[in-house]
Amino acid sequence: MVSRRLGGLSLGINLLQDKYCNFNCRYCEVKRDINTESSLFVDVYDIALELEKLFAMYRSGEIWEISPLDMVESEYRKLRSITFSGDGEPTSSRYFPEAMEMALNCRDSIRAVYSDIDVVLITNVGLLHKEKVRGALRNFSGKGPVVWAKLDAGTSKYFQDVCGTKDTIQHILENILLIPESSELVIQTCFSCVDGKPPSRQELLAYIDKLRYLRKKGSHFSRVDVYTVSRSAADPGIRPLDIGFLQDVAGRINQLGMAARVYI
Ligand code: SF4
């Protein structure tokens with residue numbers, strides 16, 4: 001797919017085609033009804049072959065002849081990333097460590113030609129305290145994946161309501177602090193209108209406080225991306241916020257001396 005946030009073509013790796021996620025966010029586009037851990041078999045070798053095929057199509061330009069990519073504007077016609085995202089939380093797959101190692105090797109092998117390609121991990125970070133997950137971000141000698149870590153609230157109550165989890169906000173903060181410096185880190189914040197109400201002023205202040213806490217504890221995040229639901233969420237009680245609200249949040253983040261970008 002072509003991602004505006006990544007600035008070009010993103011080759012997605014979906015390890016959770018059975019749609020398992022350790023969260024159940026109200027704004028998620030995926031309607032999920034399984035709540036037991038994923039047992040789906042994933043053939044990482046097959047994914048590597050698929051990536052090679054896509055790289056070859058990119059090199060030849062053939063990829064831009066396939067619909068809907070043939071409609072992409074020229075400014076986005078560049079390969080930006082191999083991205084772990086998909087229908088569920090990538091780190092919850094037992095094949096995540098193996099798949100991450102494969103993706104980093106792929107990235108390194110094509111960087112001689114395409115120097116600005118990254119591996120991006122989009123994660124809710126709820127499982128990052130697990131050694132096998134953290135190990136997958138550390139077990140290599142060079143640069144790690146770029147980690148897009150979700151932080152959607154300032155209080156545990158709001159977080160648990162919106163993200164459908166029993167994890168506390170403190171657990172999420174502690175897990176963000178575990179992300180190694182070899183990985184570039186970007187905080188991803190999705191705010192939306194929940195049952196007709198935007199996040200309260202107290203919630204926003206608590207959220208800003210959590211960013212301050214992360215920085216004070218040494219978190220190396222380079223930017224905060226603030227966005228709202230862009231496509232229809234599976235839950236009808238979730239609606240997008242207007243851009244003014246998001247810009248106000250970004251302005252508050254900027255006042256802390258941190259970079260913020262707004263997406264709608
Ligand atoms: S963490 Fe991501 S995949 Fe999981 S429920 Fe939330 S939005 Fe959906």
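## Exercises on a β-α-β protein model

Strand 3, helix 2 and strand 4 make a right-handed β-α-β unit. Here, right-handed says that, with the strands pointing away from the viewer, the path from the first strand over the helix to the second runs clockwise. Helices (H or I, at least four residues) and strands (E, at least two) are DSSP runs, numbered from the N terminus.

Before you start, please note that this is a predicted model, in which local features need pLDDT of at least 70, side-chain atom pairs count only at pLDDT 80 or more, and totals for chains, interfaces and linings use all residues. Residues are numbered from 1 along each chain as its sequence is written.

### Exercise 1: the whole protein

Task: find how many helices and strands there are in the protein, and describe its overall size.

Solution. Start by counting: the protein has seven helices and 10 strands. Its radius of gyration is 18 Å, close to the 18 Å that the globule rule gives for 264 residues, so the protein is as compact as a globular protein of that length. That radius is taken over C-alpha atoms, and the rule is 2.2 Å times the number of residues to the power 0.38. Next, picture a box along the principal axes: the C-alpha atoms fill roughly 50 × 40 × 40 Å. Finally, 33% of the 264 residues count as buried. A residue is buried if 20 or more other C-beta atoms lie within 10 Å of its own, exposed if 12 or fewer, and partly exposed in between, with C-beta atoms placed from the backbone.

### Exercise 2: neighbouring strands

Task: trace how strands 2, 3, 4 and 5 pair, and say how strands 3 and 4 are placed, buried or exposed.

Solution. Two strands pair if DSSP finds at least two bridges between them.

- Step one: strand 2 (8-13) pairs with strand 3 in the parallel sense over five bridges. L9 has L79 in strand 3 as its bridge partner.
- Step two: strand 3 (residues 79-84) and strand 4 run parallel and are joined by four bridges. T83 is partnered with V120 in strand 4.
- Step three: strand 4 and strand 5 (residues 146-150) also pair in the parallel sense, over four bridges. Here T123 has A149 in strand 5 as its bridge partner.
- Step four: six of the six residues of strand 3 are buried, so strand 3 is largely enclosed by the rest of the structure. Five of the six residues of strand 4 (residues 118-123) are buried, so strand 4 is largely enclosed too.

### Exercise 3: the nonpolar core

Task: name the residues that touch the most other members of the largest nonpolar core, and look up the contacts of V226.

Solution. A nonpolar core is a set of buried Ala, Val, Leu, Ile, Met, Phe, Trp, Tyr and Cys residues joined through C-beta atoms within 7 Å. The largest one has 58 residues, of which I13, A99, A103, A149 and V226 touch the most other members. Helix 2 (residues 96-110) gives the most to this core, with five residues. Now turn to V226: leaving aside neighbours within four places in sequence, V226 is in contact with T189, F191, L246, V249, A250, A260 and V262. Two residues are in contact if their C-beta atoms, placed from the backbone, lie within 7 Å.

### Exercise 4: helix 1 and the loops

Task: work out how far helix 1 reaches, then find the unusual backbone values of P68, K19 and V125.

Solution. Helix 1 (residues 44-60) has 17 residues and reaches 25 Å from its first C-alpha to its last, close to the 24 Å expected. The expected span is 1.5 Å times one less than the number of residues. Just after helix 1, G61 takes a positive phi of about 85°.

Continue into the loop between helix 1 and strand 3, where P68 is found. A cis peptide bond joins S67 and P68, with omega about 5°.

Last, take two residues other than glycine with positive phi. K19 has phi near 70° and is found in the loop between strand 2 and helix 1. K19 is partly exposed, with 17 other C-beta atoms within 10 Å. V125 has phi near 55° and lies in the loop between strand 4 and helix 3 (131-138). V125 is buried, with 27 other C-beta atoms within 10 Å.
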